[in-house]
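Please read the following account alongside the sequence and the model. It moves from a few charged side chains to the chain as a whole, and then to its interior.

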Amino acid sequence: MTTHPATEARPVTETVTGRFGTKSPQGTTALAGGATGAGEPAATRGRTSIADVVVVKIAGRAAREIPGVYDMGGGLSRTIGAVRDRVPGGRPNVGRGVKVEVGERQTAIDLDLVVEYGVPITDVARDVRENVISAVERVTGLEVVEVNVTVNDVHLPDDDTEDVSAGSRVE
């Protein structure tokens, strides 16, 4: 299979070598290098770059869409996130619990999940993996080589209710 030189990915200037190739220090990855000049097709004039944070947000949103996922992130990040969510004007961090490594044409994703009690963890992990891969590949055009899922906690139904009958220890 031959490719047109204008559609092959070119390294970004001032690159850093990572697990999947080169990327700029700002965390963006060149997907397609373009040619310049009026004689080139319009679709190939210029370069497309995708920042790592874009993949983080897509993966985070796709993971949260799956039934059985209660929250994402480790204990400390969830605590900080809960405080931030309660601050007026604050918005939830869609990328909490998501780490990515993005190369020129591929990406790898690590997810930290909290699942609902009673759901089969292996089924939730499989569904999350499928949904994340589908969303990231569809939106970015990057090949997702792996999605590693770590289940950090299980949310129990009584975790939401505070024990009001215990009363205060002091008067």
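Arg 126, with a relative accessible area of 39%, is partly exposed, and in this predicted model its side chain meets that of Asp 123 in a salt bridge whose N to O distance is 3.3 Å. Asp 123 likewise counts as partly exposed, at 31% relative accessibility. Because the two residues are 3 positions apart in helix 3, about one helical turn separates them. Asp 127 belongs to this arrangement too, since salt bridges that share partners join Asp 123, Arg 126 and Asp 127 into one network.

The structure holds 4 salt bridges, and some of them connect parts of the chain that lie further along the sequence. Asp 71 pairs with Arg 96, the closest N and O atoms being 3.0 Å apart. Asp 71 lies in strand 5, whereas Arg 96 sits in the loop between helix 2 (75-86) and strand 6, so this pair ties together parts that are 25 residues apart in sequence. Both Asp 71 and Arg 96 are buried. Another salt bridge, at 3.5 Å from N to O, brings together the side chains of Lys 99 and Asp 112, and it links strand 6, which holds Lys 99, to strand 7, which holds Asp 112, across 13 residues. Lys 99 counts as exposed at 51% relative accessibility, while Asp 112 is buried at 16%.

How are the helices and strands ordered along the sequence? The protein chain has 3 helices and 8 strands, and they follow the pattern β-β-β-β-α-β-α-β-β-α-β. Of the contacts with a separation of 6 or more, 64% are between residues 24 or more positions apart. Buried residues make up 35% of the 171 residues in the chain, and the accessible surface comes to about 10,800 Å², with 52% of it belonging to carbon and sulfur atoms.

The largest nonpolar core has 27 residues, and those that touch the most other members are Val 55, Val 98, Ile 109, Leu 111, Val 128, Val 132 and Val 136. Two or more residues of this core come from each of helix 1 (52-64), strand 5 (69-72), strand 6 (98-102), strand 7 (106-116), helix 3 (121-140) and strand 8 (143-155). Val 136 shows how such elements meet: leaving aside its neighbours within four places in sequence, Val 136 is in contact with residues including Val 55, Ile 58, Ile 109 and Val 144.

Finally, in the loop between strand 6 and strand 7 lies Glu 104, which is buried, with a relative accessible area of 15%. The C-alpha atom of Glu 104 is separated by 9.7 Å from that of Glu 143, although the two are 39 residues apart along the chain.

Notes. Residues numbered from 1 in each chain as written. Predicted model: local features only at pLDDT ≥ 70, side-chain atom pairs only at ≥ 80, totals over all residues. Heavy atoms only, no water. Helix = DSSP H or I, 4+ residues; strand = E, 2+ residues; numbered from the N terminus. Buried < 20%, exposed > 50% of the residue type's maximum accessible area, 1.4 Å probe, protein only. Contact = heavy atoms within 4.5 Å. Areas by Shrake-Rupley, 256 points an atom, 1.4 Å probe, with all protein chains shown as cover. Core = buried A, V, L, I, M, F, W, Y, C linked by side-chain atoms within 4.5 Å.
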